[in-house]
Amino acid sequence: MATTVAALRETVPGERRVALTPEVAKKLKARGATVLIEQGAGGSAFFPDAGYAHAETASASAVLGRADVLLCVQPPTLEQIGQLREGAIVIGHLQPHLAPERSKALRERKLTSFAMELLPRTTRAQAMDVLSSQAGVAGYKAVLIAAEAAPKFFPMLTTAAGTIRPSKVLIVGAGVAGLQAIATAKRLGAQVEGFDVRPETKEQIESLGAKFLDLGVSAAGSGGYARELTAEEREQQQRALAEQLKGFDVVVTTAAVPGRKAPRIISAAMVAGMRPGAVIVDIAAETGGNVEGSEAGKTVTSANGVSLIGTANLPSSAPVHASEMYARNLYNFLELMLADGELKLDWDDELIAKTCLTHAGEIRHEPTRTLVGAA
Ligand code: NAD
């Protein structure tokens, strides 16, 4: 029988993306799958039910009861997990580090779950990499938020009323979000600088026409990621940065270290040293914050007039393109296991094996197994 690939309407407050778009429904149908969505699943992302020509619609409980594969943006709730059929597959952000009870429920329900956060970041995996596609949206949006909040123009303007100097923008962290932020700020005409602790980012920052701000700290870790700084390196970074920050109008922070709280890079004292009217947008606010005092979903103004904006779920604020990219990422991953409408899991494929969170009543991801054991 054809595999039923399904998606629900997301229920987490503020979540506007959908895991399965009309375009992907068509592709799945062409590969022999049956596609099933909850009524209104794509509504918040401007994909009305009528646009899903290749999918059936049903109630949430019917979708959960029939799904062989459930695609999701946010992790399913414990209740939804309980309604899925034993042996069904769940693919999406599953945030295994945040909620051990969810991993436990997925194991107990004998679901095969794939946490896309665990996908190895190899060249072959790029088309499936949800962290990258969504980080790109976040970087872009963060700069637009900063431009909107700033009391200045970004570009240089020559006007009859005189010349306006361009805003000076600093992007902290030059991973996927940071590089997109740099590109966006450049397009808006700002004078842009960026820095990161991975030395290879210098060339990447410069290739976008921005300047690399050298703070004299290099901390490349394994797998192309950054490592946590030592106390000494941190101090050096902080000292050099405090001085530099005084010259910027806008700062967007995007720094992260996988599996850890976001590094604290900008202290309240550094904010106090910045120009009145300066704007800081902290993309890492949801994971601990790169800036002291930032809060996800809130704007705080410091005594010296610096706006500190903590963002929350930025990808959801561009739900059309974020959903399109996310759904394609999941489709490309699902393609690894879908042949003629039938599911076949090749455990020798590292992308399948390493992304798997639970299978056949077991937790396959070692750190999560430890976390659940300890819970
Ligand atoms: P991330 O979200 O984990 O971190 C964002 C950035 O913060 C990183 O560039 C990191 O070096 C930086 N950072 C960490 N601590 C810092 C500090 N104290 N000060 C300044 N910067 C700090 O990173 P990401 O965007 O997910 O990407 C990380 C790496 O993975 C990059 O090398 C990227 O090119 C690579 N990548 C590879 C693939 C692939 O090949 N499939 C896909 C995506 C990303």
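Select the ligand and Arg-121 in this predicted model. An N or O atom in the side chain of Arg-121 lies 2.4 Å from an oxygen atom of the ligand. Next, display the backbone of Val-176, where a polar atom is 2.7 Å from an oxygen atom of the ligand. Then add Gln-237: one of its polar side-chain atoms is 3.1 Å from a nitrogen atom of the ligand. On its own, the ligand has 840 Å² of accessible area, of which the protein covers 84%.

Now widen the selection to the residues around the ligand, 24 in number. Those that come nearest are Arg-121, Ser-132, Val-176, Asp-196 and Arg-198. Colouring this shell by class shows 12 nonpolar, 8 polar and 4 charged residues.

From the ligand, proceed to Phe-195. Beyond its neighbours within four places in sequence, Phe-195 is in contact with several residues, among them Leu-170, Ile-171, Phe-212, Leu-213 and Ile-265. Gln-237, already selected for its polar side-chain atom facing a nitrogen atom of the ligand at 3.1 Å, is also one of the contacts of Phe-195.

Phe-195 leads into the largest nonpolar core, which has 46 residues. Select Leu-170, Phe-195, Leu-241, Val-251, Val-252 and Ile-266 to see the residues with the most contacts inside this core. Helix α5, residues 130–149, gives the most to the core, with 5 residues.

Finally, select Ala-45, Phe-47, Leu-334 and Met-337, which are included in a second, separate core of 38 residues. In soluble globular proteins, nonpolar side chains tend to be buried together.

Notes
Residues are numbered from 1 along each chain as its sequence is written. This is a predicted model: local features need pLDDT of at least 70, side-chain atom pairs count only at pLDDT 80 or more; totals for chains, interfaces and linings use all residues. Side-chain values use heavy atoms; hydrogens and water are left out. A nonpolar core is a set of buried Ala, Val, Leu, Ile, Met, Phe, Trp, Tyr and Cys residues joined through side-chain atoms within 4.5 Å. Buried means under 20% relative accessible area, exposed over 50%, partly exposed in between (1.4 Å probe, protein chains only). Helices (H or I, at least four residues) and strands (E, at least two) are DSSP runs, numbered from the N terminus. Contact means heavy atoms within 4.5 Å. A residue is near a molecule or strand if one of its heavy atoms lies within 4 Å of it. A polar contact is a pair of N or O atoms within 3.5 Å; within protein, one must be able to donate a hydrogen and the other to accept it, and residues adjacent in sequence count only if both atoms are side-chain atoms. Accessible areas come from the Shrake-Rupley method with a 1.4 Å probe; for residues, only the protein chains shown count as cover. Ala, Val, Leu, Ile, Met, Phe, Trp, Tyr, Cys and Pro count as nonpolar, Asp, Glu, Lys and Arg as charged, and the others, Gly among them, as polar.
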